[in-house]
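Student: Hi, I have a structure open and I'd like to walk through it. Can you help me read it?
Tutor: Sure. Put it up and ask away.

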Amino acid sequence: MPHNAVSPSSPATRTGATRSTTFDWLDEQHRLRREAGLVRTLRPRPEPGAGEPAVLDLAGNDYLGLSRHPEVTRAAADAAHRWGAGSTGSRLVSGSTALHTRLEEALAEFCGFEAALVFSSGYAANLAAVTALAPPPELSGARGLLVSDEGNHASLIDGCRLARAGRAVVPHADPEAAGKALAAHPGRGLVVTDSVFSVDGDAAPLAALARQCRRHGAGLLVDDAHGLGVLGDGGRGAVHAAGLAGAPDVVSTVTLSKSLGAQGGVVLGPARVIAHLVSSARTFIFDTGLAPAAAAAALAALEVLRREPGRAARVRAVAGDLHARLTGAGLTAVRPDAAVVSVRAPSPRAAVRWQADCRAAGIEVGCFRPPSVPDGVSRLRLTARADLTDAQVERAAGTVVGTAAAEGFLNSR
Ligand code: PMP
């Protein structure tokens, strides 16, 4: 009998299905993952109670502390009451509301772009922008070229894989390498980069990349997921800070799920780019529109950020303080340009243990293991938040250092 055949004598399961060997290979995959310390499990957050949470959260991406801001949650609740819990359809059918339009106008204006388009996630926005902005062979006579930093987020990588274009993966934060790749494809390139890289929290050399793009007639697509709300004047993002917002050859994407505390993604760019996406981007056309509550929450959060621009500076100060405390104690971390502080762990297993030790001591931190980190090095990832007090920052850093010392990680770089 072939190894994936269903045996007639297999006992029926609770759901009435017979036993099958079809997915037996998954068990082997799982065993290999377990041996490498790479199994992932879901861990629901504790039910919110009254008062200070028992565990201090430095794992989430709520950089400005806006996800629970009363104006933001009230706006979401009001929108759900008014428009319904879901958007009811794709943006081009029934899923666009006045809230989506207002959010697009407000974000374009805030970040300094001509136009914007809201998607159901930052992931979907990135897939759309990357796949839709390389010139198609039937128009340009040859395939376009996507030039992608090796440290880019998975959503940009997947966009490059899906696009009908050539692909050059270039060394991390290396404008010269990007220029060399573009030189062979004049007028047909698109450089794709994170503004702040999610693994180590370092920033891309945007101005130098833009110079290379202009030299070779290429476009520049920047994923500013970690820059919005943190970098630039009042949190207008890394693209704005680099003086590139509104440029005719620059497109930016952001997520609404980090500093704006909501959910969803946005592409920002010249009006003709946005019009092109509306008519061609598959993750726009075939996806249900963002829930009105999420759009309303993001709008309200943007309003708070406009009114309180000091939140952006505070989150950067918290990140700098965390970094200084951790490296001062002997841990290895890249200097953060935004809100992400990543410290090296000796191995994937060590990272998981370290994270569990921190949790037991009341601090929730993120844990990055392969394949999320390309170099095989694992990390604990701490996110700075504008609403952390100095005492909480001290406690968090002290816990990460204390648990590292107890595990003997302090000198393993
Ligand atoms: N880009 C980067 C750099 C990210 O860190 C993330 C979120 N993990 C995304 C895109 C995806 O955004 P979203 O979570 O809204 O899908």
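Student: In which sense do β7 and strand β8 pair, and over how many bridges?
Tutor: They pair in the antiparallel sense, over 4 bridges. Keep in mind that this is a predicted model.

Student: And what about strand β6 and β7, which sense is that?
Tutor: Parallel, over 4 bridges. Strand β6 covers residues 219–223.

Student: What actually holds paired strands together?
Tutor: Strands of a sheet pair through backbone hydrogen bonds, either parallel or antiparallel.

Student: Let's pick a residue. What stands opposite Ser-252 on the β6 side?
Tutor: Val-222 stands there. In β8, the bridge partner of Ser-252 is Leu-268.

Student: Which residue in β7 is the bridge partner of Leu-221?
Tutor: That is Val-251.

Student: Is β7 buried or exposed?
Tutor: Buried. 6 of the 6 residues of β7, residues 250–255, are buried, so the strand is largely enclosed by the rest of the structure.

Student: Which way do its residues point?
Tutor: Val-250, Ser-252 and Val-254 point one way from β7. Val-251, Thr-253 and Thr-255 point the other way. All of them are buried.

Student: Why the back and forth?
Tutor: In a regular strand the side chains alternate between the two faces of the sheet.

Student: Zoom out. What is the strand order in the sheet of 7 strands?
Tutor: The order is β2-β8-β7-β6-β5-β3-β4. The sheet is open, with mixed pairing.

Student: Which are the edge strands?
Tutor: β2 (115–119) and β4 (166–170). Each pairs on one side only. The twist averages 20° from one strand to the next.

Student: Which strands does helix α3 lie across?
Tutor: Helix α3, residues 98–111, lies across β2, β7 and β8. Its direction is at about 130° to β2. Helix α10, residues 271–280, also lies across β2, β7 and β8, but runs at about 30° to β2.

Student: New topic. How many residues surround the ligand?
Tutor: 14 residues. The closest are Ser-121, Gly-122, Tyr-123, Ala-225 and Thr-255. You met Thr-255 already, as one of the buried residues of β7.

Student: Which helix gives the most to that shell?
Tutor: Helix α4, residues 122–132, with 3 residues.

Student: How does the shell split by class?
Tutor: It has 2 nonpolar, 10 polar and 2 charged residues.

Student: Stay with α4 for a second. Is Thr-131 buried or exposed?
Tutor: Thr-131 lies in helix α4. It counts as buried, because it has 22 C-beta neighbours inside 10 Å and the cut-off for buried is 20 or more.

Student: What does Thr-131 touch?
Tutor: Leaving out residues up to four places away in sequence, it touches Gly-159, Leu-162 and Ala-163. Here is another pair to look at: Thr-131 and Ala-281 are 150 residues apart in sequence, and 7.6 Å apart in space, C-alpha to C-alpha.

Student: Now backbone angles. What sign does phi usually have?
Tutor: Most residues other than glycine have a negative phi.

Student: So what is phi of Thr-88?
Tutor: Near 80°, a positive value in a residue other than glycine. Thr-88 lies in the loop between α2 (70–83) and α3. It is partly exposed, with 15 other C-beta atoms within 10 Å.

Student: And what is phi of Ala-173?
Tutor: It is positive too, at about 50°, although Ala-173 is not a glycine. You find Ala-173 in the loop between β4 and α7 (175–183). With 19 C-beta neighbours inside 10 Å, it counts as partly exposed.

Student: How is the protein divided into domains?
Tutor: Domain 1 is 70–307 and domain 2 is 309–407. Their centres, taken over C-alpha atoms, are 27 Å apart. The contact takes 16 residues from domain 1 and 17 residues from domain 2.

Student: Last one. What is the strand order in the sheet of 4 strands?
Tutor: β1-β10-β11-β9, again an open sheet with mixed pairing. Its edge strands are β1 (56–58) and β9 (340–345). The twist averages 30° from one strand to the next. Helix α13, residues 310–328, packs on this sheet and touches β9 and β11.

Student: How many bridges join β1 to strand β10?
Tutor: 3 bridges, and the two strands run parallel. In β10, the bridge partner of Leu-56 is Ile-363.

Note on methods:
Residues are numbered from 1 along each chain as its sequence is written. This is a predicted model: local features need pLDDT of at least 70, side-chain atom pairs count only at pLDDT 80 or more; totals for chains, interfaces and linings use all residues. A residue is buried if 20 or more other C-beta atoms lie within 10 Å of its own, exposed if 12 or fewer, and partly exposed in between; C-beta atoms are placed from the backbone. Two strands pair if DSSP finds at least two bridges between them. A residue is near a molecule or strand if its C-beta atom, placed from the backbone, lies within 6 Å of it. Ala, Val, Leu, Ile, Met, Phe, Trp, Tyr, Cys and Pro count as nonpolar, Asp, Glu, Lys and Arg as charged, and the others, Gly among them, as polar. Domain bounds come from an automatic or database domain assignment. Two residues are in contact if their C-beta atoms, placed from the backbone, lie within 7 Å. Axes are lines fitted to C-alpha atoms, for helices over the stretch in contact, and angles run from 0 to 180 degrees between N-to-C directions.
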